[in-house]
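Dear colleague,

Please find below the structure that I am handing over to you. I should be grateful if you would look through it alongside the notes that come after it.

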Amino acid sequence: MKRFKLAVSAVMVLSLALVFIGCAKPPEAEQQAAKAAMDTAVAAGADKYAAADLDAAKKLWEAAEAQVKDKKYKEAKQGYVDAKAAFDKAVTAAGEGKKAIAAEATAAVTAIEESAKSLEEAAQKVGK
């Protein structure tokens, strides 16, 4: 009877250990969401208009990838969540950067047009 209880206890301990080992899985959903956000940021031109934000997000991504390799899944999950947020921020910053560049270009074109008009008027005065 004593051996039976010992055997049952050993089986229970082994079963619980296997359950805990089996529960630790890579955070695939978070990884895919962060990857999609990274692709969106690159497509939005974050490498040109928000390079600093994109670089920071890539560092978070790389850290999460390293944590997955080290089987630190809980930390990796949070890393992917943080990376996704950083990529989303880079997308927003890229949009703002594009708007700022467009405003600068519009101002430059307006200045060139005004200069051209001034030159044209000066040329007409010299021609008379």
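The notes below cover the overall make-up, helix H2 and the salt bridges.

Please bear in mind that this is a predicted model. The protein contains 5 helices and 0 strands, and its pattern along the sequence reads α-α-α-α-α. Of its 128 residues, 19% are buried. Among contacts with a separation of 6 or more, 76% join residues 24 or more positions apart. The exposed surface comes to about 9500 Å², with 62% of it supplied by carbon and sulfur atoms.

Turning to helix H2, its 16 residues should span 22 Å at 1.5 Å a residue, and the C-alpha atoms at its ends are indeed 22 Å apart, so the two values agree. Ala34, Ala37, Met38 and Ala41 are the buried residues to note in this helix. They lie on the same side of H2, because they cover an arc of only 105 degrees around the axis. The cover over the buried residues of H2 includes helix H3 (46-49), helix H4 (51-69) and helix H5 (73-127). On the other side of H2, Ala29, Gln32 and Ala43 are exposed. Just after the helix, Gly45 adopts a positive phi of about 85 degrees.

The salt bridges may also interest you. Side chains of opposite charge can pair when their charged atoms come close. The count in this model is 3 salt bridges.

One of them joins Glu30 to Lys77, with 3.7 Å between the closest N and O atoms. This pair links distant parts of the chain, since Glu30 belongs to helix H2 and Lys77 to helix H5, 47 residues apart. Their C-alpha atoms are 6.3 Å apart in space. Beyond its neighbours within four places in sequence, Glu30 is in contact with Lys77, Tyr80 and Val81. Lys77 has a relative accessibility of 42% and therefore counts as partly exposed.

A further salt bridge brings together the side chains of Lys35 and Asp39, at 3.1 Å from N to O. These two residues are separated by about one helical turn, because they are 4 residues apart in helix H2. Lys35, at 39% relative accessibility, counts as partly exposed, and Asp39, at 40%, is also classed as partly exposed.

In helix H5, Asp88 and Lys84 are 4 residues apart, about one turn of the helix. They form a salt bridge whose closest N and O atoms are 2.9 Å apart. Asp88 is partly exposed at 33% relative accessibility, and Lys84 is partly exposed at 31%.

With kind regards

Conventions
Residues numbered from 1 in each chain as written. Predicted model: local features only at pLDDT ≥ 70, side-chain atom pairs only at ≥ 80, totals over all residues. Heavy atoms only, no water. Contact = heavy atoms within 4.5 Å. Expected span 1.5 Å × (residues − 1). Buried < 20%, exposed > 50% of the residue type's maximum accessible area, 1.4 Å probe, protein only. Arc of directions from axis to C-beta. Areas by Shrake-Rupley, 256 points an atom, 1.4 Å probe, with all protein chains shown as cover. Salt bridge = Lys/Arg side-chain N within 4 Å of Asp/Glu carboxyl O.
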